[in-house]
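Student: I would like to go through this structure with you step by step, beginning with the spaces inside it and ending with its backbone. Could we start with the cavities?

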Amino acid sequence: MARMTMIEALRDGLDVAMSRDENVVVYGEDVGYFGGVFRVTQGLQKKYGKQRCFDSPINESGIVGTAIGMAVYGLRPCVEIQFADYVYPAYDQIVSEAARIRYRSNGDFTVPLTIRMPSGGGIFGGQTHSQSPEAVFAHVCGLKTVMPSNPYDAKGLLIASIEDDDPVIFLEPKRLYNGPFDGHHERPVTPWKKHELGEVPEGHYSIPLGQAAVRREGADVTVLAYGTMVFVALAAAEETGIDAEVIDLRTILPLDLETIENSVKKTGRCVIVHEATRTCGFGAELMSVVQESCFYRLEAPIIRVTGWDTPYPHAHEWAYFPGPGRVGEALKKVMESA
Amino acid sequence: MSKAKPLSLYVPEPQCRPGETPDFSGFIVPKAGAVRRPDIDVAPAEIHDLAYSIIRVLNREGEAVGPWAEQLSDEEALEGLRNMMKVRAYDARLLMAQRQGKTSFYMQSLGEEAIACAFQKALKPGDMNFPTYRQQGLLITSGYPIVDMMNQVYSNARDPMAGRQLPVMYSSKKHGFFTISGNLATQFVQAVGWAMASAIKGDTKIAAGWIGDGATAESDFYAAMVFASTYHAPVVLNVVNNQWAISTFQGIARGDAPTFASRGLGFGMPSLRVDGNDYLAVYAVSKWAIDRARSGHGPTLIEHVTYRAGAHSTSDDPSAYRPKDEVTAWPLGDPVERLKAYLIKKGAWSEERHAQAKAQIESEMVQFQKEAEAIGTLHSGSGPSVREMFEDVYKETPIHLKRQRQEAGV
Ligand SMILES: Cc1ncc(C[n+]2csc(CCOP(=O)(O)OP(=O)(O)O)c2C)c(N)n1
Ligand SMILES: [Mg+2]
């Protein structure tokens with residue numbers, strides 16, 4: 001088994017999907033000849049030809065709109081939005097169209113479409129290269145929303161997304177592209193080559209959408225996280241010595257309710273961590289779900305640790321980023337109360 | 001009926017890729033002075049030809065020729081030369097600073113300096129630019145303090161944007177420079193709205209929208225044109241066609257169908273194409289469009305034809321997608337060299353004075369940089385207060401944000 005970066009794993013996932021199904025086409029800004037600004041699609045044009053992997057005009061609404069048309073025809077497009085921060089011009093096509101075409105046509109037309117986009121901060125990208133917009137998609141019925149946290153999952157989830165018959169928003173935490181990042185920005189990055197989750201099987205495999213993974217078993221408190229925050233939560237558990245159970249949601253919607261409920265019922269405590277802004281962030285939904293199903297088993301109020309309700313700043317990236325210090329404080333607090 | 005052949009998808013390709021010899025033989029460069037100069041109140045339908053040619057003033061001999069020439073005194077042209085040299089020296093310093101780790105990111109405008117520098121010269125105080133990230137020449141020409149530009153790039157304690165924005169995302173209402181967005185094309189249509197407001201209020205101010213060749217593909221480009229032309233908005237809509245949008249050549253935005261300028265014709269707008277590496281031509285065409293807008297004749301679309309001589313940004317390496325020597329094959333030359341040759345030919349300038357001026361500008365830049373770095377760079381020295389992160393989200397900080405600020409301990 002090869003060890004890969006998340007970029008290589010995603011590329012491998014696209015390669016597998018394209019080789020197995022000639023209906024899979026890949027395009028987006030700088031995606032063809034160059035292979036994407038993060039190089040995820042590098043080599044695919046050469047291997048599969050310009051008809052199946054190509055550069056698009058800079059028009060996100062056009063990228064998604066044409067992909068919907070192709071999907072309706074019977075292709076399985078997997079398009080790239082260069083940064084999640086630039087998806088908003090396509091929002092109407094995603095929300096009013098892709099998400100509802102199955103419903104409004106009573107299944108006559110369907111949209112097997114995957115929209116990949118790098119998300120999240122930690123790279124000094126400022127407000128237009130750092131956003132985590134998962135909640136604005138999770139709020140829309142008819143869409144599935146996925147965010148892998150490691151190369152193994154990235155490949156398996158991407159293949160599952162492409163093979164899925166409904167539209168999938170596929171968010172790639174760009175800070176994890178080259179290695180797991182636990183928020184200790186002052187330390188050197190561990191490359192994926194040195195991490196077991198960098199191990200990526202050859203060929204086809206898929207990870208079903210809607211299944212969370214328990215990254216660390218624990219008895220005292222459940223931490224719900226996804227993307228970069230999985231590693232931040234793991235670091236916080238180590239550093240505080242609190243026996244936290246860290247759940248990596250992997251798929252944001254459909255949500256793995258059972259894994260969440262079983263864990264919180266076991267631990268009686270819950271901390272929710274995401275990088276996106278707090279108000280109406282996905283943490284609000286998670287909190288509701290836990291409250292609705294686990295209220296009588298809770299021994300302490302649920303706590304959210306999130307990005308602040310401000311645009312992502314440039315200079316104060318690390319004051320904004322919910323790092324292991326803040327998550328650790330939340331763990332301590334939730335253990336102290338009640 | 002005969003059976004139809006299977007269709008296939010057409011995907012355009014640039015003339016050449018790395019390893020191939022750059023070839024601009026298909027790129028037609030009209031002679032300097034060849035394009036006519038209509039009156040500013042001309043009916044748009046009468047000047048369709050101007051969208052397909054290239055208005056040029058400086059010829060190969062370094063002379064200013066034709067009906068668009070003789071708009072600027074030698075002194076003014078010299079000032080233009082100095083401004084372009086400042087932009088170039090500024091870019092070089094900050095590119096280096098980024099490489100040295102003093103900031104996170106930088107974008108230069110190498111090879112395109114004439115466009116912003118000459119355009120700004122044709123504006124009046126009170127007018128407003130809605131720029132992209134590659135128009136630092138507007139700010140420098142308007143006299144914005146270079147130290148403050150550096151403070152912004154360093155996100156230090158004197159950063160006028162309080163450390164909130166990515167480097168080069170400047171803003172200055174006073175200097176007619178609207179806050180830069182990272183999201184392409186959004187500003188183009190906002191410029192039109194600003195211009196409409198000037199008309200609604202009965203003012204005489206005009207707006208200028210800016211967009212790159214690649215970003216003309218965005219829907220906002222068309223939104224800008226339909227609003228501008230419908231309401232005869234006093235706005236100049238500038239397309240900077242530097243041939244590349246990161247790794248994507250202008251053909252993917254249909255720049256060769258047949259020109260970006262020709263997009264304006266469908267909206268009944270005067271649409272002019274100008275040699276963007278010719279300071280005198282850019283000035284003359286900009287002045288024409290600005291005067292037209294100010295005197296109530298409505299919007300103009302200008303395509304500035306140029307070449308992005310450097311990388312897209314410090315995150316980009318163009319050798320992966322275009323030949324390294326493409327810039328030397330580029331037929332419109334270098335804007336600084338061309339204006340310099342013109343001034344020397346006129347006897348208003350010399351190689352020695354040029355070398356002196358260059359050295360002087362560069363040492364000024366070093367001084368400014370020392371001043372800025374004495375305050376701080378992105379990762380050292382004094383930065384903006386963390387409290388700034390919570391300010392200006394709203395006019396008054398709402399209670400939930402105040403609580404978050406407390407939680408953050410600032
Ligand atoms: C809405 C949006 N989509 C994509 C991007 C990413 N992006 C930044 S610059 C750029 C290329 C723009 O090229 P062009 O408009 O030609 O301007 P130039 O950089 O050449 O000045 C792209 C795709 C963005 N900033 N905003
Ligand atoms: Mg360009």
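Tutor: Yes, and please keep in mind throughout that this is a predicted model. By the rule used here, the count comes to five cavities of 30 Å³ or more.

Student: How much space lies in the largest cavity, and how do its lining residues divide by class?

Tutor: The lining is drawn from chain A and includes Ser119(A), Glu134(A), Tyr226(A), His274(A) and Glu275(A). By class, the residues of this lining divide into four nonpolar, six polar and two charged. The space that lies in the largest cavity is about 70 Å³.

Student: How many residues of each chain are in contact where chain A meets chain B, and how much area do the two chains bury between them?

Tutor: On one side there are 36 residues of chain A, and these are in contact with 43 residues of chain B. Of the area buried between the two chains, 59% is on carbon and sulfur atoms. The buried area itself comes to about 3,300 Å².

Student: Which residue of chain A forms a salt bridge with Glu407(B)?

Tutor: Across the interface of chain A and chain B, the rule finds two salt bridges. In the one that involves Glu407(B), the closest N and O atoms are 3.3 Å apart, which is within the 4 Å that a salt bridge requires. The partner in chain A is Arg278(A).

Student: Which elements give two or more residues to the side of chain A that touches chain B?

Tutor: Across this interface there are also 19 residue pairs in polar contact, with both residues at pLDDT 80 or more. The side of chain A that touches chain B has 16 nonpolar, 13 polar and seven charged residues. The elements of chain A that give two or more residues to that side are β3 (53-55) and α11 (317-320).

Student: Which residue forms a salt bridge with Arg3(A), and how far apart are the two along the chain?

Tutor: Over all chains, the count comes to 44 salt bridges. In this one, Arg3(A) pairs with Glu199(A), and the closest N and O atoms are 2.8 Å apart. The pair links distant parts of the chain, with Arg3(A) in strand β1 and Glu199(A) in strand β8, so that the separation along the chain is 196 residues.

Student: Where in chain A is Pro254(A) found, and is the peptide bond that joins Leu253(A) to it cis or trans?

Tutor: Most peptide bonds are trans. Pro254(A) is found in the loop between β12 (251-253) and α9 (257-267) of chain A. With omega at about 0 degrees, the bond between Leu253(A) and Pro254(A) is cis.

Student: What is the phi of Phe124(A)?

Tutor: Most residues other than glycine have a negative phi. Phe124(A), which lies in the loop between β5 (114-119) and α6 (134-138) of chain A, has a positive value, near 55 degrees.

Notes
Residues numbered from 1 in each chain as written. Chains lettered and ligands numbered in written order. Predicted model: local features only at pLDDT ≥ 70, side-chain atom pairs only at ≥ 80, totals over all residues. Heavy atoms only, no water. Contact = heavy atoms within 4.5 Å. Buried area = accessible area lost by both parts, 1.4 Å probe. Salt bridge = Lys/Arg side-chain N within 4 Å of Asp/Glu carboxyl O. Polar contact = N/O pair within 3.5 Å; in protein donor to acceptor, adjacent residues only side chain to side chain. Helix = DSSP H or I, 4+ residues; strand = E, 2+ residues; numbered from the N terminus. Nonpolar A, V, L, I, M, F, W, Y, C, P; charged D, E, K, R; others polar. 1 Å grid on protein atoms, 1.4 Å probe; cavity = no way out; pocket = protein on both sides within 12 Å on 5 of 7 lines; lining within 4 Å. Points joined across faces, edges and corners; volume = space filled by probe spheres on them.
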